[in-house]
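Please open the structure in a viewer and keep the sequence panel visible. The tour proceeds by selections, each followed by a description of what is found there.

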Amino acid sequence: QEQLVESGGGLVQAGGSLKLSCAASGRTFSTYVVAWFRQTPGAEREFVAAITRSGRSIYYADSVKGRFTISRDNAKNTVDLQMNSLKSEDTAVYYCAADGTFSTNGRQYKKWGQGTQVTVSS
């Protein structure tokens, strides 16, 4: 069964960059749409970005468009989220999620990582 593990979170100053990685175990990772969500205390999980199986289709939330880049390497079973020009409002726990179909609704995703904290100081 696929397991997802995020890494790369940390503390960064506003305007800086971080790269998150989502690593998957299992042999079927390339068959999944993979998405990044983020969540702050008391709020619902918010869609950030998603990439389809082949990587040909990519989707971003308006709030991160032009600043974040999602990519995947199916040979390595990884999906990365490069985050540039970070703002204090990007502070959240970031989760990767995988499912058979694309959605911006987190409830549609069946597989989740444990999350990684990103803190942007202003």
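Begin with strands S1 and S3, which pair in the antiparallel sense over 4 bridges. The model is a predicted one. To locate the register, select Ser7 and look across to S3, where its bridge partner is Ser21.

**The four-stranded sheet**

Extend the selection to the whole sheet. It is an open sheet of 4 strands in the order S1-S3-S8-S7, with antiparallel pairing. Its edge strands are S1 (4-7) and S7, each of which pairs on one side only. Neighbouring strands of this sheet are turned against each other by 15° on average, direction ignored. While viewing the strands, recall that side chains in a regular strand alternate between the two faces of the sheet.

Next, show S3 together with strand S8 (residues 78-83). These two pair in the antiparallel sense over 6 bridges. Ala23 serves as a landmark here, with Thr78 as its bridge partner in S8.

Now move to strand S7 (residues 68-73), which pairs with S8 in the antiparallel sense, over 6 bridges. Selecting Phe68 and Met83 displays one bridge between them, with Met83 on the S8 side. S7 and S8 form a hairpin with 4 residues between them.

**Two positive phi angles**

Which residue in the turn of this hairpin has a positive phi? Select Asn77: its phi is about 60°, although it is not a glycine. Most residues other than glycine have a negative phi. Asn77 lies in the loop between S7 and S8. With a relative accessible area of 16%, Asn77 is buried.

Then select Ser85, in the loop between S8 and S9. Ser85 is a further residue other than glycine with a positive phi, near 50°. Is Ser85 buried or partly exposed? Its relative accessibility is 40%, so Ser85 counts as partly exposed.

**The disulfide**

Return to S3 and display the sulfur atoms. The structure holds 1 disulfide, and this joins Cys22 to Cys96 with an S to S distance of 2.1 Å. The link connects distant parts of the chain: Cys22 belongs to strand S3 (residues 18-24) and Cys96 to strand S9 (residues 92-99), 74 residues apart. Rotate the view to look along the S-S bond: the torsion about it is 60°, and the link of Cys22 and Cys96 is right-handed. Both Cys22 and Cys96 are buried.

**The aromatic cluster**

Select Phe37, Phe47, Tyr59, Tyr95, Phe102, Tyr109 and Trp112 and show their side chains; these residues form one aromatic cluster. The structure holds 7 aromatic pairs. Two of the pairs merit individual inspection.

Centre first on Phe47 and Phe102. Their rings form an edge-to-face pair, 6.1 Å centre to centre and with 75° between the planes. This pair also links distant parts of the chain, since an interval of 55 residues separates Phe47, in strand S5 (residues 46-51), from Phe102, in the loop between S9 and strand S10 (111-112). Phe47 counts as buried because its relative accessibility is 11%, whereas Phe102 is partly exposed, with a relative accessible area of 30%.

Turn next to Tyr95 and Trp112, an edge-to-face pair at 6.2 Å centre to centre, with 80° between the planes. Tyr95 is in strand S9 and Trp112 in strand S10, and these distant parts of the chain are 17 residues apart at the two positions. Tyr95 is buried, with a relative accessible area of 12%, while Trp112 is partly exposed, at 25%.

**Two arginines**

Keep Tyr95 and Trp112 displayed and add Arg45. What does the charged end of Arg45 sit over? One ring beneath it is that of Tyr95, whose centre is 3.8 Å away. The charged end of Arg45 also sits over the ring of Trp112, 4.4 Å from its centre.

The final stop is Arg38, which lies in strand S4 (residues 33-39). Arg38 is buried, with a relative accessible area of 5%. Add Asp90 to the selection to see the partner of this arginine: the side chains of Arg38 and Asp90 make a polar contact at 2.9 Å.

Key:
Residues numbered from 1 in each chain as written. Predicted model: local features only at pLDDT ≥ 70, side-chain atom pairs only at ≥ 80, totals over all residues. Heavy atoms only, no water. Disulfide = S-S within 2.5 Å. Buried < 20%, exposed > 50% of the residue type's maximum accessible area, 1.4 Å probe, protein only. Phe/Tyr/Trp six-rings, centres within 6.5 Å; stacked < 30°, edge-to-face > 60°. Lys NZ or Arg CZ within 6 Å of the ring centre and 35° of its normal. Pairing = 2+ DSSP bridges. Axes fitted to C-alpha atoms, helices over the stretch in contact; angles between N-to-C directions. Polar contact = N/O pair within 3.5 Å; in protein donor to acceptor, adjacent residues only side chain to side chain.
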